[in-house]
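Me: I'd like a close look at one part of this model, taken strand by strand. Please start from a single turn and work outwards from there.
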Amino acid sequence: MSSIETSVVIVGAGPAGLLLGRLLGLAGIDNLVLELRTRRYIEERIRAGLLEHPTVELLGIAGVDDHLRRDGQFDEGFELRFEGERVWFPTAELTGGQQTVLYPQQEVVKDLLRARDTSGEPIVFEALDVALHNLDTERPQVTYRDADGAEHVITADYVAGCDGFHGVSRSAVPQTLRTEFQHDYPFGWLGILAEVPPSTRELIYAHHDHGFAMHSRRSPTLSRLYLQVEPDCDAATVPDEFIWDELTRRLATQDGWTLHRGPIVQKSVTAMRSFVVEPLQYKRLFLAGDAAHIVPPTAAKGLNLAASDISVLSEALMDHYRTGNDELLANYSTTALRRIWRAQEFSRHMTALLHHVPGQEFERRLQRARLQNLVISRSAQASFSELYVGIPFEGKPERFL
Ligand code: APR
Ligand code: PHB
């Protein structure tokens, strides 16, 4: 069994793990990333696409925002549609100019991987049977088997569990010491990628009696759209024609706006849940990103919350290695959870506002009233916009860079 020493071992090469590795590397803190999948798999995994203002700032601090600034779509707001109405929501104007950016999550991953290639810091793909050991000692260890079957052990000061909801890190926290909070929604999202120029420049969120629909984009020639469906819907059984018909119905306006159709090249169903585990630390293990929490995709907070966690964890680790001060590390969980729960609340609120559950007619009328409040009240719009564009991150790793 080969043995490797490092300061921080990072389990998972998604946005959380790669961003943490990048920031630690910039601060001269050696780290090693272990990833279960192949590089090609994680570069091609289609997921969310909206970056909050603080996330864009942190990617800039990490020096990986060149492509984002070249190819990302910087938005001044979004369009809300309900009962045939089209209402422009000027989120940037209402938040002092804070723009959100449409930029595919897999592009963020590629940007971070390219930066790691340049820095030459170690990353292992196809790391199998990853297991965490001795977390309650000063030299925790992580073992894994490589694609050739050889066993390896990594000894580090700290372990960052960034391996997503289905990873192994969260379960390394003794069950008696962790509390899991979960809420499941009675619907899911069917997402499609279509080879057709977007029918809109701005994001459209639509509330309709048939259910929620959304029009996003991935490039000038690729559209990304979503439909509310039953939670157990099998995407493969849903005909493309039905998808386009439903999107057309739910996004329809009274002024003749047209939804352009094209070949659907990818479709999948996302179940919707809210999940948080507390605390986010066990001894030398720190959880971040989807390993620690899941939000419904409505407000696209998943990647942004991962970045928010990493802003706190990276600063805390830098403080430890630079000054020996462990106060930020000791407060990581409390600090990160403050913003996690605020993002959870907003994601739940936006989901409840826009999705229709058949038979809940009283709730349906409350939804209409909430939508009208949002349309009528500038202060309600401003409050919604603050949470939509992203409340400031609590971590400040830039003070060490
Ligand atoms: N060992 C090593 N790596 C693992 C293991 C394991 N046992 N299990 C999972 N992984 C890897 C996955 O293959 C994935 O690449 O961990 C990574 C976790 O990445 P994400 O699931 O993307 O989670 P995170 O980095 O927290 O990103 C959060 O960004 O990906 C978007 O919207 C998505 O909400 C998500 C957000
Ligand atoms: C996306 O483009 O995937 C997206 C954008 C905004 C959202 C959700 C998803 O609120």
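Through how many residues does a hairpin join β16 to β17?

Reply: Two: the hairpin that takes β16 into β17 does it through 2 residues. Before going on, a few ground rules: residues count from 1 along each chain as its sequence is written, while chains are lettered from A and ligands numbered from 1 in written order. This is a predicted model, with local features needing pLDDT of at least 70, side-chain atom pairs counting only at pLDDT 80 or more, and totals for chains, interfaces and linings using all residues; side-chain values use heavy atoms, with hydrogens and water left out.

Now the hairpin itself. β16 covers residues 213–219 and β17 covers residues 222–229; the two run antiparallel and are joined by 6 bridges. (Strands here are DSSP E runs of at least two residues, helices are H or I runs of at least four, and both are numbered from the N terminus; two strands pair if DSSP finds at least two bridges between them.) You can follow the register from two of the pairs: Ala213 has Leu227 of β17 as its bridge partner, and Arg217 stands opposite Ser223 in β17.

On its other side, β16 meets β15, again antiparallel, with 3 bridges. Ile204 is bridged to His215 in β16. β15 and β16 also make a hairpin, this time with 5 residues between them, and Gly211 in that turn has a positive phi of about 130°. As for burial, 7 of the 7 residues of β16 are buried (under 20% relative accessible area; exposed is over 50% and partly exposed in between, with a 1.4 Å probe and protein chains only), so the strand is largely enclosed by the rest of the structure.

Step back and you'll see the whole sheet: 8 strands, open, with mixed pairing, in the order β7-β6-β15-β16-β17-β14-β18-β21. Its edges are β7 (85–89) and β21 (293–294), each pairing on one side only.

Next to β17 in that order comes β14, and Ile192 is a handy residue to look at there, sitting in β14 (residues 179–194). Ile192 counts as buried because its relative accessibility is 1%. Skipping neighbours within four places in sequence, Ile192 is in contact (heavy atoms within 4.5 Å) with Ser223, Arg224, Leu225, Ile243, Trp244, Leu247, Ile264, Gln266 and Lys267. Ser223 you've already met as the residue opposite Arg217. Ile192 and Ala235 are 43 residues apart in sequence, with 9.4 Å from C-alpha to C-alpha.

Towards the β7 edge, two helices come in. Helix α11 (residues 361–376) lies across β6 (78–82), β7 and β15 (203–207), and runs at about 140° to β6. Helix α12 (residues 378–389) lies across β6, β7 and β15 too, but its angle is given to β7, at about 65°. (Axes are lines fitted to C-alpha atoms, for helices over the stretch in contact, and angles run from 0 to 180 degrees between N-to-C directions.)

Towards the β21 edge, there's a peptide bond to check. Glu278 and Pro279 are joined by a cis peptide bond, with omega about -10°. Pro279 is in the loop between β18 (264–278) and β19 (281–282).

For context, there's also an open sheet of 4 strands, with mixed pairing and the order β1-β12-β11-β10. β1 (2–5) and β10 (128–133) are its edge strands, pairing on one side only. Direction ignored, neighbouring strands there are turned by 20° against each other on average. Inside it, β11 (residues 141–145) and β12 (residues 151–155) run antiparallel with 5 bridges, and Gln141 stands opposite Thr155 in β12.

The loops on either side of β10 have a backbone quirk each. Glu126, in the loop between β9 (123–124) and β10, has phi near 55°, positive although the residue isn't glycine. Asn134, in the loop between β10 and β11, has phi near 50°, again positive in a residue other than glycine. Glu126 counts as partly exposed because its relative accessibility is 36%, and Asn134 counts as partly exposed at 37%.
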